[in-house]
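Subject: The structure, and what turned up in it

Hello,

Here is the structure I promised to pass on to you. Have a look at it first, and then read on for my notes.

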Amino acid sequence: DPQQLELATSGKRKLRRFIVIDEVVDKLYGSKVREYFEQNNVHHKILALPTTEETKSMDLVLNILQEVQKFSIDRRTEPIIAIGGGVCLDIVGLAASLYRRRTPYIRVPTTLLSYVDASVGAKNGVNFLQCKNKLGGYTPPVASFLDRSFIQTIPRRHISNGLGEILKMALMKHKGLFDLLKSHGKYLLDTKFQSYGGCADRGDAALQTTRIAIETMLEELAPNLWEDDLDRLVDFGHLISPELEMKVLPSLMHGEAVNIDMAFMTYVAYTRGLITAKEKEQIIQCMRGLELPVWHGGCSWPLIKKALSERLKHSGGQPRMPLPTGLGVAEIFNDTSEETLEKAYKLWVRD
């Protein structure tokens, strides 16, 4: 908005920004961030914090809010900026939503997972009583700034972790995206999602993959931002994974736990006759190609039963189980018997 820009740069009041940055990101990019604000003559406070699943708590939210109060921001014109992975974006989103009932905030994702997942939508939250994201709310950011250059410094395992959420959208909604992952998965891992001008045939695989993943995610989330409708295809991979992820913390990353859930559900779809043996194998081989785990010893039959029982409690008494009915197409099912689930589990473990 030209008027806002003129007001902001007119010199009547110095621009001020409060930034929360993950401490690992701060070590890599903190000097650039500080230089940016200094060059633009912005009075700023940068709070570097350890933002991990283990520290994702109300204690950290309150820590942030104490610093926000000391800095004394104007909640109408001075958005809080979050720079980090999904945990950082979730924590800061919740803190902003609580400060003076709602303070605007901006998401700057620095991992592949947060780039295609946490940066999109309205949800924020923290873990509570060993339960994933048990406390939270729906407060969308005023903006998400997406810059793939952050991804070039994250470890290969973190790239693979983000590919788990991208594969989720491919299996649920977009065969073209599945084909991209199948064909270019190793290339995307090797190049860390950077685009190179000299590789016209594959250089834009990173741009295409992230764009399709985000667009399909938005298609699903935008009409149902506050989850009034509990039938959500984006819940694929999220029925068992919250229980598994918290149980084995920190041995599995979020996208890895999601992929293990998706691998099991692929076997459920096959056992129900929704997909063919060839489609099942294509999905599992694609997962392996993306260097994602397709099984974990912690994902026991009792854990699966407990997780699905928890699912019933917060999904209106129905499992609302998204399952692939082909490659890139899916439906939600409420009639999968325990016998079918157990048969699928035995087959999955055997393989």
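Below is what was found, going from the whole chain down to single residues.

Please keep in mind that this is a predicted model.

**Overall picture**

The protein's secondary structure amounts to 13 helices and nine strands. Its radius of gyration is 21 Å, close to the 20 Å that the globule rule gives for 351 residues, so the protein is as compact as a globular protein of that length. Along the principal axes, the C-alpha atoms fit in a box of roughly 70 × 50 × 35 Å.

Of the 351 residues, 53% count as buried. If you take contacts between residues at least 6 apart in sequence, 74% of them join residues at least 24 apart.

**Surface and charge**

About 16500 Å² of the protein is exposed, and carbon and sulfur atoms supply 51% of that area. As for charge, there are 45 positive and 43 negative side chains. The centres of these two sets lie 3 Å apart.

**Cysteines**

How many disulfides are there? The count comes to zero, where a disulfide would need a pair of cysteine sulfur atoms within 2.5 Å. For Cys131, the nearest cysteine sulfur is that of Cys299, 17 Å away. The reverse holds too: the sulfur of Cys131 is the nearest one to Cys299, and Cys299 is likewise in no disulfide. Are these two residues buried or exposed? Cys131 has 30% relative accessibility and counts as partly exposed, whereas Cys299, at 1%, counts as buried.

**Backbone details in the loops**

Three spots in the backbone may interest you.

- Leu249 and Pro250 are joined by a cis peptide bond, with omega at about 5 degrees. Pro250 sits in the loop between helix H9 (241-248) and helix H10 (254-271).
- Asn41 is not a glycine, yet its phi is positive, at about 55 degrees. You will find Asn41 in the loop that runs between helix H2 (23-39) and strand S2 (43-49).
- Phe193 is another residue other than glycine with a positive phi, near 60 degrees. Phe193 belongs to the loop between helix H7 (175-191) and helix H8 (205-221). With a relative accessible area of 0%, Phe193 is buried.

If you open the model with one place in mind, you could start at Phe193, where a positive phi goes with a buried residue.

Happy browsing, and best wishes

Conventions:
Residues are numbered from 1 along each chain as its sequence is written. This is a predicted model: local features need pLDDT of at least 70, side-chain atom pairs count only at pLDDT 80 or more; totals for chains, interfaces and linings use all residues. Side-chain values use heavy atoms; hydrogens and water are left out. Helices (H or I, at least four residues) and strands (E, at least two) are DSSP runs, numbered from the N terminus. The radius of gyration is taken over C-alpha atoms; the globule rule is 2.2 Å times the number of residues to the power 0.38. Buried means under 20% relative accessible area, exposed over 50%, partly exposed in between (1.4 Å probe, protein chains only). Contact means heavy atoms within 4.5 Å. Accessible areas come from the Shrake-Rupley method with a 1.4 Å probe; for residues, only the protein chains shown count as cover. Lys and Arg count as positive and Asp and Glu as negative; His and the chain ends are not counted. The place of a charge is taken as NZ of Lys, CZ of Arg, CG of Asp or CD of Glu.
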